[in-house]
Amino acid sequence: MYDEHYGLTGRPFQLTPDPKFWFETATHRKAMAYLGYGLAQGEGFIVITGDIGAGKTTLVGHLMDTIDHQRLNAIRLVSTAIEADDLLRIVATELKVDPARLTKAELLTAIERGLHAVARTGKRTLLIVDEAQALPISALEELRMLSNFQAGGHALLQIVLLGQPEFRDRLHGSDRLEQLRQRVIAIHHLDPMEADEVSEYLAHRLSVVGWTGNPDFADDAFAAFYAGSAGVPRRLNMLAGRVMLHAAIEDLTVIDAAVVRAVQRDLEGDLPTTATNTAAPAPQAKPTQSVEVRPEAPRMDQAIVDRIADLEARVELQDEALRRVLTLLVDWVESDTDKPDYSPIRGVAAWHDAA
């Protein structure tokens with residue numbers, strides 16, 4: 001609802017990755033540079049890692065929008081715990097090869113034929129594998145074997161692996177991945193954005209959906225946004241979206257640090273944390289007094305917190321609508337003039353039905 005309240009053409013802080021909101025932070029600029037270098041080599045593996053919500057999927061979406069599809073046949077896979085044979089069958093399917101009833105040897109031969117067929121069209125195949133940390137070592141080994149396919153001394157397949165930080169640790173720590181490690185030609189880790197990038201990031205996403213300065217942001221709000229998100233894009237989007245919802249409900253025209261911190265507390269559920277006793281210890285001669293420490297209350301699932309906040313917002317709007325109805329009824333009963341204008345009621349009802 002906040003997009004309608006502020007006249008925006010869409011939701012600027014949705015959690016679903018959307019390449020149209022691409023914003024080049026310093027770390028994403030470096031990632032694109034490494035990807036560009038790696039793609040220019042035309043072989044081997046490119047590895048991009050980052051924490052959850054760091055923007056890996058958005059990076060891939062931006063890459064897909066910017067590569068030359070006349071020269072590259074891009075295949076994108078989002079892996080779970082895919083076993084080696086299943087991974088090969090998925091790759092074969094993407095190459096328009098029917099993997100049904102094929103043995104592994106036949107499947108590899110069919111994949112190689114598929115890669116040659118793409119090469120004959122003047123294209124090179126790029127395989128992008130997201131969530132690579134979920135792949136077993138056997139599947140990673142099959143990817144390495146696929147990277148061996150060549151034609152005329154040139155690789156038929158190049159592979160981009162994206163994963164969480166543990167994938168990078170695993171890549172460097174496993175002896176079984178030594179051969180794959182030697183074929184990595186570019187690697188980069190996506191860091192959180194810097195504090196001074198937050199204001200430009202928020203302004204960019206808002207501008208994409210037609211923001212014209214309402215609501216405005218006080219200077220101290222950006223430090224609060226950074227503190228509440230640690231510079232992680234997905235966390236920042238979640239916090240900013242809730243702040244915009246709160247601002248719409250309260251009909252705010254300026255968002256400051258106090259508003260951001262209040263919403264952050266709401267996101268965290270306002271749950272008490274375990275208190276620590278910082279008082280000086282009692283003298284040795286006196287018996288120490290036991291202090292009962294209550295266990296920390298479990299944190300509420302974020303989806304539940306968001307749902308509760310949405311329901312609270314709806315209840316508040318319905319209460320407001322009811323008060324307006326009662327006011328109009330009282331005016332109608334007490335007034336000797338014509339009936340009051342009921343358009344506000346119809347407007348609220350229409351919004352409620354749409355919601």
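This is a short talk on helix packing, enclosed space and backbone geometry in one structure.

A caution before we start. The model is predicted.

Let me take the helix pairs. Two packed helices are described by the angle between their axes and the distance between the axes. We have three pairs to go through.

Pair one is α2 with α3. Helix α2 covers residues 26–41. Helix α3 covers 56–66. The axes of α2 and α3 come within 11 Å. They cross at roughly 50°. At that angle, α2 and α3 are therefore oblique to each other. The crossing is right-handed. Who makes the contact? From α2 we have His-28, Ala-31, Met-32, Leu-35 and Leu-39. From α3 we have Leu-59, His-62, Leu-63 and Thr-66. By class, this contact of α2 with α3 holds 6 nonpolar residues, 3 polar and no charged.

Pair two is α9 with α10. Helix α10 runs over residues 219–229. The axes of α9 and α10 come within 9 Å, and the crossing angle is roughly 95°. So α9 and α10 are roughly perpendicular to each other. On the α9 side, the contact residues are Val-198, Ser-199 and Leu-202. On the α10 side, they are Phe-222, Phe-225 and Tyr-226. That contact divides into 5 nonpolar residues, 1 polar and no charged.

Pair three brings α9 back, now against α11. Helix α9 spans 198–208, and α11 spans 233–249. Their axes are 12 Å apart, at an angle of about 65°. The crossing of α9 and α11 is right-handed. Helix α9 contributes Val-198, Tyr-201, Leu-202, Arg-205 and Leu-206. Helix α11 answers with Pro-233, Leu-236, Asn-237, Ala-240 and Met-244. The split for α9 with α11 is 8 nonpolar, 1 polar and 1 charged. Note Val-198 and Leu-202. Both meet α10, and both also sit in the contact with α11.

Now the space between the atoms. How much space lies in the second largest pocket? About 350 Å³. Its lining has 25 residues. Nearest the centre of this pocket are Gly-53, Ala-54, Gly-55, Thr-58 and Pro-233. Three elements give two or more residues to the lining: α3, α9 and α11. You have met these helices already, with α3 packing on α2 and α9 on α11. The pocket lining breaks down as 9 nonpolar, 10 polar and 6 charged residues.

Next, cavities. The count is 1 cavity of 30 Å³ or more. About 30 Å³ of space lies in the largest cavity. Its lining is Asp-51, Ala-54, Leu-190, Asp-191, Pro-192, Val-232 and Pro-233. That makes 5 nonpolar, no polar and 2 charged residues. Two names here should sound familiar. Ala-54 and Pro-233 line this cavity, and they are also among the residues nearest the centre of the second largest pocket.

Last, the backbone. Most residues other than glycine have a negative phi, and most peptide bonds are trans. Which peptide bond is cis here? One such bond joins Asn-214 and Pro-215, with omega about 5°. Pro-215 is found in the loop between α9 and β8, and that strand is 216–217. Then there is Glu-131. Its phi is near 55°, a positive value in a residue other than glycine. Glu-131 is in the loop between β3, residues 124–130, and α6, residues 137–146.

To close, keep α9 in view. Helix α9 packs against α10, packs against α11 and helps line the second largest pocket.

Key: Residues numbered from 1 in each chain as written. Predicted model: local features only at pLDDT ≥ 70, side-chain atom pairs only at ≥ 80, totals over all residues. Heavy atoms only, no water. 1 Å grid on protein atoms, 1.4 Å probe; cavity = no way out; pocket = protein on both sides within 12 Å on 5 of 7 lines; lining within 4 Å. Points joined across faces, edges and corners; volume = space filled by probe spheres on them. Helix = DSSP H or I, 4+ residues; strand = E, 2+ residues; numbered from the N terminus. Nonpolar A, V, L, I, M, F, W, Y, C, P; charged D, E, K, R; others polar. Axes fitted to C-alpha atoms, helices over the stretch in contact; angles between N-to-C directions. Parallel < 35°, antiparallel > 145°, perpendicular 65-115°, else oblique. Left-handed = near helix turned anticlockwise from the far one by under 90°. Contact = heavy atoms within 4.5 Å.
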